[in-house]
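Biologist: I'm new to this one, so please walk me through it slowly.

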Amino acid sequence: MKKVIVTGGAGFIGSHTCVELVAAGMEPVIVDDFRNSDERVLQGLAKIIGRVPKLHRIDCTDEKALDQVLKVEAPDGVIHFAADKAVGESVRDPLKYYGNNIGSLVAVLRSMAKHGVKDIVFSSSCTVYGDSDQLPVTESTPPAGAASPYGYTKVVCERMLRETSASDLALRAVLLRYFNPIGAHPSATIGELPIGTPNNLVPFITQAAAGLRERLTVFGNDYDTPDGSCLRDYIHVVDLAKAHVRALGWMGDQKAPLCETFNLGTGNGNSVLEVVRLFEEVNGVKVPHVIGPRRAGDVEAMYADTKKSASLLGWRTELSLADSLRDAWRWQLALAKGQK
Ligand code: UFG
């Protein structure tokens, strides 16, 4: 695999994946319309990899525009990140999510078919497991019904890939179920750039520690967990990015048709309060916080069984939660410096 189209390559996980693709000797070509990302990522990428990666500014639901890109680039494969991802927004505006997340995958697959591109890696989420009582979840844990329209778009997209790979098109598809990606590149040149108030825990923590938010609200401390707050599997975004390179390599050795699913997590469940405490400890800063009510739609606990990705992809996480929280804070400080 040499040239890879990376839809959503200007986003948080996409940009870190571009770095790892270059490190592995591949050529990422970004397809992104910057609706939910920031131009600053291009300078950050240039600092790390020595140049701005090739970029096509198009909407991934625009099949004609995608056709043009695939014709010009003739890629060996596609990594499809481009999607909307805010759970709460998806409840308020489900059609935005069905239109964009499902529409873009349909357009990508149709365009791939027209241009003879057979390999796709898809960004899925542990959200497909819903509120599972079987923990840790394995890839064969039955999806318990995603709680939000966003989550359901991932269930539908996974099924679309399963059916399309087994169809006359005979694709090779790898479905990666991310747990909770956090952190930033250790160089502090790229990281998460949440637009507006962050929905996710770690960006909210870094902003609260930096004084940009008054305080973090911990959503519930009455769950059936050791300290009462929810458990999640927080994975460093650099480890996650590296898994995409492994997935492409592994897929290259398989026969078509193929549709294989992998959990990408650390295998550990950490509570919200543990994350707050560890963040304070490794960074020597306070995170003002209060306990608030539960957030609608949150599951009590979710963490990955990682045996399949370890044995087939030969991949496991190398960075710790402390590394992730240190890198997230360094990124927040770099952002603040850039804004002065
Ligand atoms: N949390 C807080 N306060 C905040 C933000 C989050 O206490 O201000 C807690 C949440 O209640 C949860 C944990 O921090 O217990 C993590 O929350 P995030 O919003 O960071 O992440 P989620 O676990 O909700 O998100 C994950 C995936 C999504 C997926 C979602 C489905 O990242 O892709 O699960 O629930 F859609």
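**Helix packing, a pocket and some unusual backbone**

Modeller: Helix 3 and helix 5 cross in a right-handed way (that is, the near helix is turned clockwise from the far one by less than a right angle; anticlockwise would be left-handed). Please keep in mind that this is a predicted model, in which local features need pLDDT of at least 70 and side-chain atom pairs count only at pLDDT 80 or more, while totals for chains, interfaces and linings use all residues. Residues are numbered from 1 along each chain as its sequence is written, and side-chain values use heavy atoms, without hydrogens and water.

Biologist: At roughly what angle do helix 3 and helix 5 cross?

Modeller: The axes of helix 3, residues 63-73, and helix 5 cross at roughly 40 degrees and come within 9 Å, where axes are lines fitted to C-alpha atoms over the stretch in contact and angles run from 0 to 180 degrees between N-to-C directions. The two helices are therefore oblique to each other, since angles under 35 degrees count as roughly parallel, over 145 as roughly antiparallel, 65 to 115 as roughly perpendicular and the rest as oblique. Helices here are DSSP runs of H or I with at least four residues, strands are runs of E with at least two, and both are numbered from the N terminus.

Biologist: Which residues make the contact there?

Modeller: Helix 3 brings E63, L66, D67 and L70, and helix 5 brings A107, V108, R110, S111, M112 and K114, with contact meaning heavy atoms within 4.5 Å. By class, this contact has 5 nonpolar, 1 polar and 4 charged residues (Ala, Val, Leu, Ile, Met, Phe, Trp, Tyr, Cys and Pro count as nonpolar, Asp, Glu, Lys and Arg as charged, and the others, Gly among them, as polar).

Biologist: And helix 5 with helix 6, how do they lie to each other?

Modeller: Helix 5 (residues 94-114) and helix 6 (residues 149-165) have axes that cross at roughly 20 degrees and come within 9 Å, so the pair is roughly parallel. Their crossing is right-handed. On the helix 5 side the contact includes Y97, Y98 and L105, while the helix 6 side includes Y150, V156 and M160. The residues of this contact divide into 14 nonpolar, 3 polar and no charged.

Biologist: What about helix 7 and helix 9, how do they cross?

Modeller: The axes of helix 7 (residues 201-209) and helix 9 (residues 272-283) come within 11 Å and cross at roughly 40 degrees, which means that helix 7 is oblique to helix 9. That crossing is right-handed. The contact is made by L201, V202, I205, T206 and A209 of helix 7 together with V272, V275, V276 and F279 of helix 9. In this contact there are 8 nonpolar residues, 1 polar and no charged.

Biologist: Changing topic, which element gives the most to the lining of the second largest pocket?

Modeller: Helix 11 does, with 6 residues, and the elements that give two or more are helix 7 and helix 11 (321-339). By class, the lining has 11 nonpolar, 7 polar and 4 charged residues.

Biologist: Last one: where is the backbone unusual?

Modeller: Most residues other than glycine have a negative phi, and most peptide bonds are trans. The peptide bond from L135 to P136 is cis, with omega near -5 degrees, and P136 sits in the loop between strand 5 (119-125) and helix 6. The bond from A256 to P257 is cis, with omega near -5 degrees, and P257 is in the loop between helix 8 (237-252) and strand 11 (258-264).

Biologist: And what is the phi of F34?

Modeller: F34 has a phi near 60 degrees, a positive value in a residue other than glycine, and its place is in the loop between strand 2 (27-31) and helix 2 (40-49).
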